[in-house]
Every structure is written in C-alpha cells, then in structure tokens.
Amino acid sequence: MARPTPAEIIARDAADPLAAFRDRFALPDGVIYLDGNSLGPLPRATAARMARVIEGEWGTGLIRSWNEHDWIGAPQRIGGKIGRLIGAAPGTVIATDSTSVNLFKLIVAATALSPERGTILTEAGNFPTDLHVARQAAALLGKRLRVCDTADLENAIDADTALIVLAHVHYRSGHRHDMAAITAHAAAHGARVLWDLSHSVGAVPLALAADGVELAVGCGYKYLNGGPGAPAFLHVAGHLHERMQSPIAGWLGHAAPFDFADAYRPAPGVDRFLAGTPPMLSLLALEAGVDLMLAADQAALHAKARDLHDLFAADVAAECPALTRISPDEAERRGSHIAFVHSDAFAIMQALIARGVIGDFRSPDVLRFGLTPLYLRHRDIRDAVTILSDIITGEHWRDPRFFIRDRVT
C-alpha cells in the first residue's frame, strides 16, 4: 500500500469531517492515545453530566430522582440509543450489568430453547471471559463445551449444537467474522449464535436486524467511551422475548417490581433481562459517551478508521520491518485496531508508553493499537510510528526495566 507524504497527512487532517470531535475529549498533553479499544478516554460532557447527577439530582432530588429525572428508565433509554448504533430493532437492547453477567444470562436462556441439543460451541483463542463463562455455564447445564479452531468453525456446527458463542472482532488479531454468513449458517443447522460485540460497537458497521442476529452482548467502556467498568448491554431479538427466561430473576426484571410480590413473573420484552438496581452514576456516564458517538457521522467514522489502519500499516511496513502485522488486510474482515507480533512485544510497548504513545500488550507477543477516529489524527499515527521505529532501531526497549511485568499494561 502507498505511504502518504507529510503534505498528504496534513491535507487529510485538514479535510477530516470528524476533526472537531477531538476537542470533545479530555486528552492529556504529550500523549498519543492508541488504547481506546481497551478504555476510551474521558468525554468532556461526562464530567458535566456527573456533576449534574451528583449535585442536582442525587444531591437535591434524592430518591425522587428515580422518577423526576427518569433514572428508572435509563436502562431502556440507553439501550435504545445503543440499539441505533448496532442496527438493532427498537425495544431489543437493554443497558445492564457487565458483559460477563450478560453472557451468562444469554447462554443459559438461549441453551434452554434447545434442550435436546448438548453442545455449546466456541473458538479457540476467544476472549478469556467468553471461554470461562461458557465453560462454567455448560458445566452447570450439563452440556458439553466444544472449542474448535476458527478455520473449522462452520464444519463444527451440527445437529447437536445448541449455541455458538463468538466475538465478532477478535481482541488480539482484530479479525472480524462475517456475522450475517455465520448467523445464517447456524440457523440452517437449527442453532443460534450469541455475538460478543465488545470490540465492534462504535468501531465497525453493524446491522443486527438486517443480519438476522438474535443474541448479542457488548461492553460500554471501549469505543463507547463510557468510563472504566461502564455497564454493558445485551440484545435479544423480539421473537425470542417471551420464550426466554433470564437465569437471574432479579426484582427489576419482574413484570411488576413495585408490587413486591413473592412469586416471580418475568417482565415483558427485553426488560426481563434486568436484574438488580441499575448503577446510575456509571449508567449516566455511559449515556454521555453513547450520545457523543451518535452525534458522529457513522459512514465518516468507519471510513476514517479504515484510513488510519492503512496509514499505520504502511508506515510500520516502511519503518519497522521487525514487526509482523496480524490484523487482516481487508477492511471488511477486521475491526478498528491494528496488531503486530514481536518476541519482545511487552518490552517494546513499555518503552512506547514511556515515550507517551499508549497502546497495549497482549500475551504472549502482541502489540495492539486502537484506531479510534473520533479523536485520533493522521499525524498522530505518523508520529506514533516514528517513535516506534526509533525505539526498535535504537534498541531502547532493551532497558531492563521494560521487561518487568508486575503492572497492568
């Protein structure tokens, strides 16, 4: 791929339709932040929203704020906004709990729809939470968890497969599954797919309704910029609402929670997948991030993500030949991060962070960089690769302190 000249880099930034969004984030000086795929930066609107809810709502309205400020409707309201980002039908997305909890809820509920089938299928190298939750759920249900290589996935779906649990975009390599094709292939075999959208939502085009997706979960703290540990979301297609039962029968998933009845009766629709009292501070922080994402032109966002990836790939190929890229070439087959392997990836990343370029390391040998179009400039990519090249060619990464692994990266 052709490598842009410095003049072309300047021109791209000048013509960027998303350029104004950078000022809507509180980005520290002297830092090139390439880890928004792990934790998004702070939107400026979030701090103001938190001040209002703490001082003006909780501080003044107290318990009345559940109604006066519609705290009680936040999971549905925010879920609806996320639904617009992922192309889901209205009323099929709820913002609640964590990704892990939502995975467990949907694995159990979906598997119960096919009691005669004994297998839950996933791929080797899936994100550990997905594997751990699926394994534990399978054990509790008396089902078999089958873990296959990605290349064998479609052939592994058979008449005993109840559910396939997949991450749409792989957390290490950035590989993106063909959501529509796999969903249709599973359906042809009488199976369902539960998609983890944690590295997809806000990063790549999604059209759940059009692609026939029945089940999905995702997190709020990556590309949605909802804050550390932000609430997650789940999606259940409308035709399954009345057939599925959440294994966590919490009081807010009750049809009439304020009747305080002893007997449980699930709420209609996707609301039945609510459980305990929603965490309002973190939910409203997430809403600020989702609103910011909705304000952006999605076509421009995805086009810029592709452009940033290609620029990063071309620059690394020219300046850092010791790195081997593992993220796919084709834009439709990848997410919005770029990944490389090197035997000393951990030390190189520590040296990068010390120079103000924040990416992340994934065991055992992956350097991963998030390409988040709302606030990254083309010049940031060029500058980051220049620093990366200086570190590798100058062997600055050989400093012994960069090999210490007793901290979060």
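A residue counts as buried when its relative accessible area is under 20%, as exposed when that area is over 50%, and as partly exposed in between. In this predicted model, D97 comes out at 28%, so D97 is partly exposed. Its salt-bridge partner tells another story: K105 has a relative accessible area of 0%, so K105 is buried. The side chains of D97 and K105 meet with 2.6 Å from N to O. As for the general idea, side chains of opposite charge can pair when their charged atoms come close.

Elsewhere, a handful of residues team up. Salt bridges that share partners tie D70, R77, K81, E287 and D291 together into one network. R77 is a good place to start looking around. The side chain of R77 meets that of D70 in a salt bridge, at 3.1 Å from N to O. The side chain of R77 also forms a salt bridge with that of E287, this time at 2.7 Å from N to O. That second pair links distant parts of the chain: R77 belongs to helix 4 (residues 74-86), while E287 sits in helix 9 (residues 280-295), and the two are 210 residues apart.

How do these three fare for accessibility? With a relative accessibility of 26%, R77 counts as partly exposed. D70, at 34%, is partly exposed too. E287, on the other hand, has a relative accessible area of just 7%, so E287 is buried.

Zooming out, the pairs described here belong to a wider set, as the structure holds 23 salt bridges.

Key:
Residues are numbered from 1 along each chain as its sequence is written. This is a predicted model: local features need pLDDT of at least 70, side-chain atom pairs count only at pLDDT 80 or more; totals for chains, interfaces and linings use all residues. Side-chain values use heavy atoms; hydrogens and water are left out. A salt bridge is a side-chain nitrogen of Lys or Arg within 4 Å of a carboxyl oxygen of Asp or Glu. Buried means under 20% relative accessible area, exposed over 50%, partly exposed in between (1.4 Å probe, protein chains only). Helices (H or I, at least four residues) and strands (E, at least two) are DSSP runs, numbered from the N terminus.
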